[in-house]
Structures are given as C-alpha cells and as structure tokens.
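Could you work through a few short exercises on this protein with me? Have the viewer open beside you, try each task first, and then compare your reasoning with the solution.

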Amino acid sequence: MKILEMFGEPVSNGGQESFVINMLTHMETSGLTVDVLTPYYCDNAYYENIIKERGGRLYCLNLPFEPGKSRFNLLKPLKKFLRENAYDVVHIHSGSTSVLAEGAYAAKRAGVKKIIVHSHCAAEKITLKHNIVKFIAGFVLNRCPTHYVACSLVAGQSKFSDKIVRDKLIILKNGVDLNTFAFNGGVRLDMRKKLGFADDEIVLGHVGRFSYQKNHAFLLSVLKVLIEGDAKARLLLIGSGETMDDVVRESRLQGLYDSITFAGNVNNVNDYLQAMDVFLLPSRFEGLPIVGVEAQAAGLPCIFSDKITDEVNLTKNVCYLPIDGDSAPAWARQALSFSALERVDNAAVLKESGFDVNDTAEKLRQIYLS
C-alpha cells in the first residue's frame with residue numbers, strides 16, 4: 001500500500017510535521033510505503049532522514065511560501081504530482097481550510113481511493129472571511145474526502161460542516177512518546193549546565209514556530225514584567241520562523257536579549273523541556289498543540305492562552321489565562337507560583353487520556369488499512 005502524507009506548509013519543525021514523524025517512528029509499517037509531499041521546502045534534514053530510513057521519499061515542489069496570501073497556486077502542481085505518482089491513500093495535513101480542499105480535489109481527480117483530510121488547527125476567530133472560505137471549500141470537502149480527522153473537536157468544527165463533525169469526524173489525539181518525554185533529573189542538570197542556566201534561575205520555556213499564531217511578543221512582555229520585578233528569570237525559545245528576526249530585534253530594543261536563549265530548531269525537544277521550570281503557550285489560536293501535551297509529559301506546569309482548547313488540560317498543573325489587554329502581569333505572577341512546584345510523573349494520566357503515541361499510531365494505521 002502506497003501512502004502520501006501531504007502538507008500544506010513547509011516541512012520544518014512544526015506540530016504537523018512532528019505528528020507525522022511520530023506516527024512513522026511508532027507505527028507498524030510492514031506492507032506500507034509512506035512518502036511525504038510539501039508544496040514548499042524542507043529545512044529539517046533530521047526528518048528527511050527518518051522518512052528515507054523507513055523507505056519513503058520526500059518531495060518538495062519548491063513553491064514560494066507566503067503566509068497570509070492566497071494558496072490557490074497549489075492546485076495545478078498538486079494535480080500534476082498526483083497524476084504522475086499513484087497512491088492508495090492521500091493524507092492531507094493543514095491548518096488551512098482551502099489547502100485541505102485543494103488537496104482533496106486534486107487527489108479525487110487523480111483517482112485516489114482513500115482521501116483523508118486532517119485539521120490540525122482551529123481558527124483565531126470566526127470572521128466573515130472564515131465563514132466564506134469554509135462555505136466555498138465545503139463544496140469540495142463535503143464530496144471529495146473519504147475520511148475526516150482532527151486533533152480536537154474545535155479543530156474539526158473550524159474546518160468542516162456541522163453534519164461532517166456530527167456524523168463522520170474522527171478525533172485522532174496528538175499522542176506523544178511518554179517514555180522519551182518523562183521527567184529526568186539527570187538530563188535536567190546536564191541541559192541547564194550546557195545552556196548556562198544558574199540553579200536559581202527561573203526558566204520560562206516555549207516551543208513553536210516563530211509566527212503570528214504563536215504570539216512571541218507576548219512572551220517578551222511576560223519576561224519584562226518578571227525582570228522589572230527583580231525576578232531572576234530567563235526565556236528559552238525553541239523554533240524558527242518568519243517572525244524570528246522581529247522578535248530578536250524587539251528583544252534588543254527592550255533590553256531583554258541577554259535574558260533570552262534562542263535555541264533555534266532542535267530535534268531533541270524532550271531534553272530542552274527538562275531544562276525548563278514553566279511552559280508558556282500564549283497562542284492566538286491552536287487545534288490541540290502537541291507541545292502542550294509534551295510539556296505535561298515532561299511534568300512541567302503549563303500556562304496556556306484562553307484561546308486554546310481545554311481538551312489539552314490533562315494534568316493538575318495547568319492554568320488558562322487571557323492574552324488580551326494588560327494580562328502579562330497575571331502570567332508573570334502565575335509563572336512565579338508555578339516555578340516553585342516539584343516536577344511530577346504524568347505518564348499514567350496521559351496514557352489513560354489517550355495521549356500515548358503508540359495508541360495514536362495504531363488507530364491511524366487501522367484508518368489506512370480499513
């Protein structure tokens with residue numbers, strides 16, 4: 001069986017790519033050949049090697065990636081690729097409704113028998129534009145896909161019609177490797193030493209693409225409140241992306257740069273989570289963020305934006321706070337409170353809640369084979 005994992009974004013270090021790689025490395029793939037396609041580029045050699053090691057190929061169409069602009073330039077190259085490469089299953093991953101529709105239409109025209117559309121993200125807010133795009137895309141999404149998947153209910157509701165959500169939606173939880181992410185005191189000491197963190201330094205952590213969605217500017221505001229209040233605090237940022245230069249520039253202007261560690265893209269996020277004291281995710285919108293599950297698997301207390309679904313509230317030490325107005329002081333106070341907590345083992349709780357990657361991988365495998 002030939003399977004294509006199709007992305008609507010570049011293959012970098014985002015949550016969608018992490019999900020697919022997690023599936024590839026934990027799924028029983030005998031009898032399956034899994035390829036990966038992005039209309040854009042890949043800047044993650046580690047992921048590319050994993051795909052190749054498991055007998056698959058990574059295809060990059062090298063179109064210009066222009067966030068916020070129209071994606072309708074994808075349709076023609078996607079149709080061409082799928083006509084020239086036969087697949088039994090096409091699994092389309094995107095936070096964009098229009099990309100899901102274009103991918104499904106191209107796959108249907110190419111004669112693909114099983115077409116899975118997978119929503120990984122909710123909308124920032126329900127605007128007139130969102131409803132228009134959803135309505136137009138619905139003509140395709142109601143007819144072309146054979147399976148509808150989402151990481152959470154709110155992510156499904158954001159992309160699909162009420163009837164699809166009610167009758168056909170499959171919630172596929174963003175499972176993580178609970179053993180790999182479990183708290184490890186030795187790794188924590190090693191990582192903090194490697195990164196140059198003092199024992200009494202409060203390390204606020206974040207993992208995510210530098211983008212409008214992830215709201216890094218808010219993290220600077222929280223750090224500034226803490227430092228002005230004489231807290232010995234540091235911000236550890238994992239990732240890269242289109243707004244990174246702006247965040248670096250702003251951190252210098254505010255005199256915060258020396259209190260921030262920009263780690264860039266890393267392939268051992270689990271180790272970096274060990275070095276943190278509190279995990280912050282002030283996103284403007286999300287589906288069900290894998291990093292939020294990973295942080296809890298590492299035993300970290302977490303502060304999430306109130307724009308994020310409460311479906312990711314899986315353990316005791318989770319707090320939701322607003323990101324509107326002057327809310328940075330509330331985040332700073334909560335971070336100080338959380339930083340005093342002992343790390344806990346959340347593996348049993350997360351497994352019981354269905355967030356073990358092995359369970360997720362087997363569920364997806366059964367979708368492919370059904």
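The exercises below concern a predicted model, and each task is followed by its worked solution.

**Exercise 1. The nonpolar cores**

Task: Find which residues have the most contacts inside the largest nonpolar core, and which helix gives the largest share of this core.

Solution: Start with the extent of the core: the largest one has 93 residues. Inside it, the residues with the most contacts are Leu82, Val90, Phe160, Leu273, Met276 and Phe279. Next, look at where the core residues come from: helix 4 (residues 97–109) provides the largest share of this core, with six residues. Apart from this core lies another, of 30 residues, which include Ile202, Phe218, Ala231 and Phe338. As a general background, nonpolar side chains in soluble globular proteins tend to be buried together.

Now take leucine 273 as an example. Setting aside neighbours within four places in sequence, leucine 273 is in contact with Phe181, Val207, Phe279, Glu294, Ala295, Ala298, Leu300 and Arg343.

**Exercise 2. The two sides of helix 9**

Task: List the buried residues of helix 9 and decide where they lie around the helix axis.

Solution: First, pick out the buried residues of helix 9 (residues 185–195), which are Arg188, Met191, Arg192 and Leu195. Second, look down the axis: these buried residues fall within an arc of 100°, so they line one face of helix 9. A general rule is useful here: an α-helix has 3.6 residues a turn, so residues three or four places apart point the same way. Third, turn to the face away from the buried side, where the exposed residues Leu189, Asp190, Lys193 and Lys194 sit. Finally, ask what covers the buried residues of helix 9: the cover includes strand 8 (202–207), strand 9 (233–238), strand 10 (260–264) and helix 12 (269–275).

**Exercise 3. Helix 2 by the method of exercise 2**

Task: Find which residues of helix 2 are buried, and what covers them.

Solution: In helix 2 (residues 45–53), the buried residues are Tyr47, Ile50 and Ile51. Viewed along the axis of helix 2, they fall within an arc of 100°, so they line one face of the helix. Their cover includes helix 1 (15–26), strand 2 (33–38) and strand 3 (58–60).

**Exercise 4. Salt bridges**

Task: Locate the partners of lysine 232, glutamate 242 and aspartate 246, and say where each pair lies in the chain.

Solution: The model holds 15 salt bridges. Begin with lysine 232, whose side chain meets that of aspartate 200 at 3.1 Å, N to O. This pair links distant parts of the chain, 32 residues apart: lysine 232 is in the loop between helix 10 and strand 9, and aspartate 200 is in the loop between helix 9 and strand 8. Lysine 232 is partly exposed, with a relative accessible area of 43%.

Go on to glutamate 242, which forms a salt bridge with arginine 209 (2.9 Å, N to O). These two also link distant parts of the chain, 33 residues apart: glutamate 242 is in the loop between strand 9 and helix 11 (244–253), and arginine 209 is in the loop between strand 8 and helix 10. Glutamate 242 is partly exposed at 39%, and arginine 209 is partly exposed at 23% relative accessibility.

End with aspartate 246, which pairs with arginine 249, their closest N and O atoms being 2.8 Å apart. Both residues lie in helix 11, three residues apart, about one turn of the helix.

**Exercise 5. Positive phi, buried or exposed?**

Task: Asparagine 215 has a positive phi, and so does aspartate 230; decide for each whether the residue is buried or exposed.

Solution: Recall that most residues other than glycine have a negative phi. Asparagine 215 has a phi near 65° and is placed in the loop between strand 8 and helix 10. With 7% relative accessibility, under the 20% limit, asparagine 215 counts as buried. Aspartate 230 has a phi of about 70° and is placed in the loop between helix 10 and strand 9. At 74% relative accessibility, over the 50% limit, aspartate 230 counts as exposed.

Methods. Residues are numbered from 1 along each chain as its sequence is written. This is a predicted model: local features need pLDDT of at least 70, side-chain atom pairs count only at pLDDT 80 or more; totals for chains, interfaces and linings use all residues. Side-chain values use heavy atoms; hydrogens and water are left out. A nonpolar core is a set of buried Ala, Val, Leu, Ile, Met, Phe, Trp, Tyr and Cys residues joined through side-chain atoms within 4.5 Å. Buried means under 20% relative accessible area, exposed over 50%, partly exposed in between (1.4 Å probe, protein chains only). Helices (H or I, at least four residues) and strands (E, at least two) are DSSP runs, numbered from the N terminus. Contact means heavy atoms within 4.5 Å. The arc is that of the directions from the helix axis to the C-beta atoms. A salt bridge is a side-chain nitrogen of Lys or Arg within 4 Å of a carboxyl oxygen of Asp or Glu.
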